[in-house]
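These are my notebook entries on what I looked up in the structure, kept in the order in which I went through it.

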Amino acid sequence: MLHLQIAANVASAIQAHPDFTSPALQSKTHGWTCYGPKNTILPHIVDLRDTRFDQVKVNLAALSRDQLELFFAIEEPEEDARKAIKPKDLHKYFPTVPFKGWTVKKTETDLPMFGTIGAMYQCYWDYLNLKYDDGTTLIDEVFKAGSIQNDIFNATAGGYKPEYPGFSANLSAAGTGAEALPLISNMLSAITDQGEGSLLKDPPAPMLMAVEERYRANRANLEADYPGATDSGGPAPSPDAAARADNDKPDHYERYVDLMGWIDQIETWPQWFASGKRWTAAELEAPDYDPTKNPYGLPSTQEVADAINRMAYPAKPADRAKNYKLFTQASIGGIAGVTTVLDSYWNTAGGVFPYPAMSGSGDRMGICWAVFGEAPDLSIGLGDPTPDTLKHSCQSLSFDVLGNNSCADVELFHACRGSNNCKAQGGCGFVQPTTGGGLCGHFLAAQNLCGGPSPPPPPSNTVYSAPSDNKCGTFGGCAVPISASQLLNSSGNMELFDFTGPTNAPAPIAKMPFTEGERVHDVAYRAYRQVMQHRGKTVPETPPPPDDLRLIFIPST
């Protein structure tokens, strides 16, 4: 995400508004067309058929020698890439600036094949330094001071410490193109050094064997920003600092080379399933697990294991494909929750980075692997919700039936407040004020969701949205469907809304207390019952047991 942020900030500064849902990579339904079992092209980088990797496909798959060779092709330094490309095809790659035959009518689809990511950034840099006859450069023409610049890594609000103090990851300090150039050089070099182990050639720089110190995460600051905690809430070493700072010296390419040496010792999900294994309760239990200590009434490990196995091996074998598609589209929706929000994040001032969606989409993909032993098929896409209808966020919460619907439509699944697009679609344990302005898992320490300084407590009269009963988009929080293990993180009062008229306009009808540690779905159902009673409808006093999907999904996914 650091590389994404850097690239987006540079693009924003030169008035090339970042587009994270480009048709060059995605279909209109958020299917990732650049992946597939027959795909061989890394867009605008290399066609693997032209290289020594000519049997490798651009696809999501289990870790293997072929998959690592795909990673090699993505992160190769130029010296190795030139050797990997077949001599007869080398002329297709490594263009020089300005591009031959380029006109103002050409678009991103007309860009050349660069050969490596580093070569692409080198061309980017060379273009920004391109001189006109009057002595000015392209950066002088296109740079815009005061452009939207976002920085989630080196923010300092609320006591947060910069993770990469060795360089600036944004261009806010630049007032002119000339002032921006050295910052851009540093930022783009951070990408190439961390990725393939090289710097921009200005002047020509030798290939490095390790990431320079200035481009590594600062361990002390990570420990301050992301303190660890024991199960009981006591202090513990920071896992973020250990995972990131302690492993920042090798670049990505070096890591893949090292990993190739371990490939025969790694068991993958397909191998695990092929050996005939099934999920058991014991595999979900930590060494100190005690089933008698369950004050919140969470599902047991046996219930979760049984749910996973029912999804993977249903009574009707044909249902497995349906289940797999559901989990695949849940992953696609989670990723779309990242990309669609990022489209506005760099184009509208004051946006919030969709960190929960990023984490949640990774969780959903990991769960798909764990349940089916397969990567989700990100190419199939996800349709749009039916327009002009009142939605709901989870099992037994539909306002159109009496507490017995199975689940929300998969098109509504989301893992971030920012991708909760409409009323009655919230489902989060991070309660949101009915006035807006709350956050949903954003990890800046200023918001105190990763152990940082505590923000001021909300006013005592703050009223919150109820899950699945929020009045409008983003107000109800994240995580649809609602995990059976999701708990509320605070106490207070929720305002309940009925939805009336042809537009389902929200109308406040009552307030309802809630308590920290309550299960989110229980509170959602309690709110649902009150709304239905207001409508003169009678629904069961208690909701049905959680379905398998809710048992399998972990909180905030």
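I began with A61, which I list as partly exposed because its relative accessible area is 38%, in a model that is predicted. I placed A61 in the loop between β2 (46–47) and α2 (65–75). Leaving aside residues up to four places away in sequence, I found that A61 touches Q67 and W369. I also looked up the pair A61 and P376, which are 315 residues apart in sequence and 9.1 Å apart in space, C-alpha to C-alpha.

Next I looked up values for the chain as a whole. I noted 15 helices and seven strands in the protein chain, and 47% of its 557 residues count as buried. Among contacts between residues at least 6 apart in sequence, I recorded that 67% join residues at least 24 apart.

I then turned to the backbone. Most residues other than glycine have a negative phi, and most peptide bonds are trans. Against that background I noted Q15, which is not a glycine but has a positive phi of about 65°. Q15 sits in the loop between α1 and β1 (41–42), and I count it as partly exposed because its relative accessibility is 44%. For H44, also not a glycine, I noted a positive phi of about 65°, and I located H44 in the loop between β1 and β2. The peptide bond from V97 to P98 I entered as cis, with omega near 0°, and P98 belongs to the loop between α3 and α4.

Helix α4 (residues 117–128) came next, and I checked its length: at 1.5 Å a residue its 12 residues should span 16 Å, and the end C-alpha atoms are 17 Å apart, which agrees. As buried residues of α4 I listed G118, A119, Y121, Q122, C123, W125, Y127 and L128. What covers these buried residues includes α1, α3 (78–84), α5 (138–142) and α6.

I followed this with the pair α1 (residues 2–13) and α6 (residues 177–195), whose axes come within 10 Å and cross at roughly 150°. That angle makes α1 roughly antiparallel to α6, and I noted the crossing as left-handed. In this contact L2, H3, I6, A7, N9 and V10 of α1 meet I184, M187, L188, A190, I191, Q194 and G195 of α6. By class, I recorded nine nonpolar, four polar and no charged residues in the contact of α1 with α6.

How far apart are the end C-alpha atoms of helix α12 (residues 319–345)? I found them 39 Å apart, which agrees with the 39 Å that its 27 residues should span at 1.5 Å a residue. Of those 27 residues 19 are buried, so I describe α12 as largely enclosed by the rest of the structure.

My last entry concerns α11 (residues 301–312) and α12, whose axes come within 8 Å and cross at roughly 115°. I therefore entered α11 and α12 as roughly perpendicular to each other. The contact is made by R310, M311 and A312 on the α11 side and by R320, N323 and F327 on the α12 side. Sorted by class, the contact of α11 with α12 has three nonpolar, one polar and two charged residues.

Definitions and conventions
Residues are numbered from 1 along each chain as its sequence is written. This is a predicted model: local features need pLDDT of at least 70, side-chain atom pairs count only at pLDDT 80 or more; totals for chains, interfaces and linings use all residues. Side-chain values use heavy atoms; hydrogens and water are left out. Helices (H or I, at least four residues) and strands (E, at least two) are DSSP runs, numbered from the N terminus. The expected span of a helix is 1.5 Å times one less than its number of residues. Buried means under 20% relative accessible area, exposed over 50%, partly exposed in between (1.4 Å probe, protein chains only). Axes are lines fitted to C-alpha atoms, for helices over the stretch in contact, and angles run from 0 to 180 degrees between N-to-C directions. Angles under 35 degrees count as roughly parallel, over 145 as roughly antiparallel, 65 to 115 as roughly perpendicular and the rest as oblique. Contact means heavy atoms within 4.5 Å. Ala, Val, Leu, Ile, Met, Phe, Trp, Tyr, Cys and Pro count as nonpolar, Asp, Glu, Lys and Arg as charged, and the others, Gly among them, as polar. A crossing is left-handed if the near helix is turned anticlockwise from the far one by less than a right angle, and right-handed if clockwise.
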